[in-house]
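Hi,

Here is the structure I promised to pass on. Have a look at it first, and then read on for what turned up.

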Amino acid sequence: MIDAVRYLVDNGIKWQAMPSDFPPWPRVYAFFARWRDVGLVAELHDRLREAVCAVEGRSSEPSAAVVDSQSVKADATVTLASRGYDAGKKINGRKRHLLTDTLGLLLAVLVTPASTTDRDAARILLPGAKKHFRQLARVSADGGYTGHLTNWTTQHLGVVLDIVRRSDDAGGFGGSAPPLGR
């Protein structure tokens, strides 16, 4: 069952498109739904993240993180209530807000209409992350998170929000990545 769910996620297929060498998709979905509802999927994710941290010689409890968002187009079948227009990116759809540790491993995710500002989403995303990861003390973010949020995170969460400014010659968040292998 785990292999079937992993196959589905890895290949981005619909449940009904599950290959015949796996159990029938309704059975796989029923197992997945039960696991999700009792928190097993989140627990498996946390255990895998902790195992990667152990291999890397890091604490399983992050003290620093990075928050960012990405606007993605929504299909016409997505309800109007769950999508919006991101004027900055000129995208009608949804926005996914991600909080990762310094290894890039997922700590928290929030999906909102694309019209939701990064600051407003962070006020929803960060309190839950701080509750789950009590040692979280610093979060780095891009310029979309400037303003009242920096004071709010310190006052209400005890977390320092570092705004990382992008230089004019940098490509992407925090500058361009070096070539692989270096």
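Let me start with a single residue: Asp 3 is exposed, with a relative accessibility of 51%. Please keep in mind that the model is predicted.

Asp 3 has a partner. Its side chain meets that of Arg 6 in a salt bridge, with 3.8 Å from N to O. The two residues are three apart in helix H1, so about one helical turn separates them. Arg 6 is exposed as well, at 57% relative accessible area, which is over the 50% cut-off for that label.

Now a step back to the overall picture. The protein has five helices and six strands, and along the sequence they follow the pattern α-α-α-β-β-β-β-α-β-α-β. The C-alpha trace spans about 50 × 45 × 40 Å along its principal axes. Of the 182 residues, 30% count as buried. Among contacts with a separation of 6 or more, 48% are between residues 24 or more positions apart.

Next, the inside. In soluble globular proteins, nonpolar side chains tend to be buried together. Here the largest nonpolar core has 21 residues, and Val 67, Leu 99, Leu 136, Val 139 and Tyr 145 have the most contacts inside it. Several elements each supply at least two of its residues: strands E1 (64-73), E4 (106-113) and E5 (138-141), plus helices H4 (118-132) and H5 (148-157). Which of them gives the largest share of this core? That is H4, with five residues.

Val 139 is a good place to zoom in. Leaving out residues up to four places away in sequence, Val 139 touches Ala 65, Val 67, Leu 99, Leu 126, Val 159, Val 160, Leu 161 and Asp 162. Apart from this core lies another one, of eight residues, including Val 5, Leu 8, Met 18 and Trp 35.

You might also click on Ser 63, in the loop between helix H3 (40-55) and E1. Which residues does Ser 63 contact, once neighbours within four places in sequence are set aside? They are Gln 135, Leu 136, Ala 137 and Arg 138. Ser 63 and Arg 138 are 75 residues apart along the chain, yet their C-alpha atoms are separated by 6.5 Å. Ser 63 counts as partly exposed, because its relative accessible area is 43%, a value that falls between the 20% and 50% cut-offs.

Then there is the largest pocket, with a volume of about 530 Å³. Its lining has 17 residues, and the closest to the centre are Arg 6, Val 41, Leu 44, His 45 and Leu 48. So Arg 6 turns up both here and in the salt bridge with Asp 3. Helix H1 (2-11), helix H2 (25-37) and H3 each give two or more residues to the lining, and the largest share, six residues, comes from H3. What classes of residue make up this lining? There are 13 nonpolar, two polar and two charged residues.

While you are in H2, find Tyr 29, which sits in that helix. Tyr 29 is partly exposed, at 32% relative accessible area. Not counting residues up to four places away in sequence, Tyr 29 touches Trp 15 and Arg 36. Its C-alpha atom is 9.4 Å from that of Ala 4, a residue 25 positions away along the chain.

Back to salt bridges. How many are there in the whole structure? A search finds six. Besides the pair in H1, one joins Glu 43 and Arg 47, whose closest N and O atoms are 2.6 Å apart. Both of these residues lie in helix H3, four residues apart, or about one turn of the helix. Glu 43 is partly exposed, with a relative accessible area of 36%, whereas Arg 47 counts as exposed at 54%.

Another salt bridge links Asp 86 to Lys 95, with 3.9 Å between the closest N and O atoms. Are these two residues buried or exposed? Asp 86 is buried, and Lys 95 is too. Through shared partners, salt bridges join Asp 86, Lys 95 and Asp 118 into one network.

Happy browsing!

Notes
Residues are numbered from 1 along each chain as its sequence is written. This is a predicted model: local features need pLDDT of at least 70, side-chain atom pairs count only at pLDDT 80 or more; totals for chains, interfaces and linings use all residues. Side-chain values use heavy atoms; hydrogens and water are left out. A nonpolar core is a set of buried Ala, Val, Leu, Ile, Met, Phe, Trp, Tyr and Cys residues joined through side-chain atoms within 4.5 Å. Buried means under 20% relative accessible area, exposed over 50%, partly exposed in between (1.4 Å probe, protein chains only). Contact means heavy atoms within 4.5 Å. On a 1 Å grid over the protein atoms alone, a cavity is a set of points where a 1.4 Å probe fits but cannot get out, and a pocket is an open set with protein on both sides within 12 Å along at least five of seven lines; lining residues have an atom within 4 Å of a point. Grid points are joined across faces, edges and corners, and a volume is the space filled by probe spheres set on the points. Ala, Val, Leu, Ile, Met, Phe, Trp, Tyr, Cys and Pro count as nonpolar, Asp, Glu, Lys and Arg as charged, and the others, Gly among them, as polar. A salt bridge is a side-chain nitrogen of Lys or Arg within 4 Å of a carboxyl oxygen of Asp or Glu.
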